[in-house]
Amino acid sequence: MKKKTTLLGFLTVTLLLSTLFIFEYLVPDDQTASSYFVKMKSNGETVKKNQFKGYKYTETVYNSKGHSSKLSFYSGKKLAQNERFKIIVNSNHLVSNYKKVTNLPKNVQYLAEK
């Protein structure tokens, strides 16, 4: 009887931890972060808010399908003017990650050069 209770408890904990792992790490967080391509046209505005010290940018960004939109976002590091980046922006408009790219995707390139 004690072995059955121990086994049932162990299986319950394993199921709970597996569910937690799946929801925390494997479910995509598209609702909280979006990736964009951008050609930086401005130097950014220096910003100090509470614990944040960085730069605010308002740029035309392009999603992977080539749709453009005007977006204001914050970056802790300065993004070089006239350079191309792939940025990941959280729902709080803070850049969580960025990567300098040499070429934009073909469906974005033409629009960004206008």
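Two strands count as a pair here if DSSP finds at least two bridges between them. In this predicted model, strands β5 (residues 84–90) and β6 (residues 95–100) clear that bar with five bridges, and they run antiparallel. One of the matches is Phe85, whose bridge partner in β6 is Lys100. The turn of this hairpin has four residues between the strands, and His93 takes a positive phi there, near 70°.

Strand β5 also matters to the account of the inside. In soluble globular proteins, nonpolar side chains tend to be buried together. The largest nonpolar core here has twelve residues, and Phe85 turns up again among them, along with Ile87, Val89 and Val95. Also in this core are Tyr36, Val38, Met40, Tyr57, Val61, Leu71, Phe73 and Leu79. Two or more residues come from each of β1 (33–39), β3 (52–62), β4 (68–75) and β5, with β5 giving the largest share, three residues.

Ile87 makes a handy spot from which to look around. Setting aside its neighbours within four places in sequence, Ile87 is in contact with the core residues Tyr36, Val38, Phe73 and Val95. Its contacts also include Ser34, Ser35, Asn97 and Tyr98. Apart from this core lies another one, made up of five residues, including Phe37, Tyr62, Val101 and Leu104.

Not every nonpolar group is tucked away, though: Leu7, Phe10 and Leu11 form a patch on the surface. Together these three have about 340 Å² of accessible area. Leu7 belongs to helix α1, which covers residues 2–26.

Definitions and conventions:
Residues numbered from 1 in each chain as written. Predicted model: local features only at pLDDT ≥ 70, side-chain atom pairs only at ≥ 80, totals over all residues. Heavy atoms only, no water. Patch = residues over 30% accessible without salt bridge, like charges linked within 9 Å, V, L, I, M, F, W, Y side chains within 5 Å. Areas by Shrake-Rupley, 256 points an atom, 1.4 Å probe, with all protein chains shown as cover. Salt bridge = Lys/Arg side-chain N within 4 Å of Asp/Glu carboxyl O. Core = buried A, V, L, I, M, F, W, Y, C linked by side-chain atoms within 4.5 Å. Buried < 20%, exposed > 50% of the residue type's maximum accessible area, 1.4 Å probe, protein only. Contact = heavy atoms within 4.5 Å.
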